[in-house]
Amino acid sequence: QVQLVESGGGLVQPGGSLRLSCAASASLFSRMTMAWYRQAPGKQRELVAVITSGDSTNYVDSVKGRFTISRDNAKYTVYLQMNSLKPEDTAVYYCNAKKYTSVAVMDYWGQGTQVTVSS
């Protein structure tokens, strides 16, 4: 079982920055693919950014050039640095971990952290 705890959300003005953190309980953290998803009211949850165990990253087009995902394997933590925030970035942000076994992919989720971009 992997527990994920997010932090760093809050209220920020348009153009501002926030850094989200997600601390994992797993000693196998370095082998897991980590990702950030978000869900705005009335919308489906969408993948925002992903980082593999090999540090390859990918982003949804709407955040490219503004958001950066990174990981610190020594601290079992993944980060999402969000710059130039826009009102449309307002959502609950969820941390996701994927652990690969020989027979399945196991998904784990954090409880979510609210990000509100408003003046």
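Start by selecting Arg71 and Val78 in this predicted model, because Val78 in β8 is the bridge partner of Arg71. Widen the selection to the two strands, and you will see β7 and β8 paired in the antiparallel sense over six bridges. The two strands form a hairpin with four residues between them, and in the turn Tyr76 has a positive phi of about 55 degrees.

Keep β8 selected and turn to its other pairing, where six bridges join β3 to β8 and the two strands run antiparallel. To find one of these positions, select Leu18, whose bridge partner in β8 is Met82. Five of the six residues of β8 are buried, so this strand is largely enclosed by the rest of the structure.

Next, return to Val78 and display what surrounds it. Leaving aside the neighbours within four places in sequence, Val78 is in contact with Leu20, Ser21, Cys22, Phe29, Met34, Trp36, Ile51, Ile69, Ser70, Arg71 and Cys95. Several of these names will serve as the next stops.

Select Cys22 and Cys95, which are joined by a disulfide with an S to S distance of 2.1 Å; the structure holds one disulfide. The torsion about the S-S bond is about -80 degrees, so the disulfide is left-handed. Cys22 lies in strand β3 and Cys95 in strand β9 (residues 91–100), so the pair ties together parts that are 73 residues apart in sequence. Both Cys22 and Cys95 are buried.

From the disulfide, move to the largest nonpolar core, which has 31 residues. Among these, select Leu4, Met34, Trp36, Val78, Leu80, Met82 and Tyr93, which touch the most other members. Colouring by strand helps here, since β3, β4, β5 (46–51), β7, β8, β9 and β11 (113–117) each supply at least two residues of this core.

Now look at the aromatic rings: which pairs does a search of the whole structure find? There are two aromatic pairs, and one of them brings you back to the turn of the β7 and β8 hairpin, where Tyr76 is found. The rings of Phe29 and Tyr76 have their centres 6.2 Å apart and their planes at 40 degrees, so this pair is tilted. Phe29 lies in the loop between β3 (18–24) and β4 (33–39), while Tyr76 lies in the loop between β7 (67–72) and β8 (77–82), so the pair ties together parts that are 47 residues apart in sequence. Phe29 is buried, with a relative accessible area of 0%, whereas Tyr76 is partly exposed, with a relative accessible area of 31%.

For the other pair, select Tyr37 and Trp109, whose ring centres are 4.9 Å apart and whose planes stand at 65 degrees, so the pair is edge-to-face. Tyr37 lies in strand β4 and Trp109 in strand β10 (residues 105–109), so this pair ties together parts that are 72 residues apart in sequence. Tyr37 is buried, with a relative accessible area of 17%, and Trp109 is partly exposed, with a relative accessible area of 37%.

Leave Trp109 displayed and add Arg45, which lies over the face of Trp109 at 4.7 Å from the ring centre. As the last selection, add Tyr94: the charged end of Arg45 also sits over the ring of Tyr94, 3.8 Å from its centre.

Technical notes. Residues numbered from 1 in each chain as written. Predicted model: local features only at pLDDT ≥ 70, side-chain atom pairs only at ≥ 80, totals over all residues. Heavy atoms only, no water. Phe/Tyr/Trp six-rings, centres within 6.5 Å; stacked < 30°, edge-to-face > 60°. Buried < 20%, exposed > 50% of the residue type's maximum accessible area, 1.4 Å probe, protein only. Lys NZ or Arg CZ within 6 Å of the ring centre and 35° of its normal. Pairing = 2+ DSSP bridges. Disulfide = S-S within 2.5 Å. Core = buried A, V, L, I, M, F, W, Y, C linked by side-chain atoms within 4.5 Å. Contact = heavy atoms within 4.5 Å.
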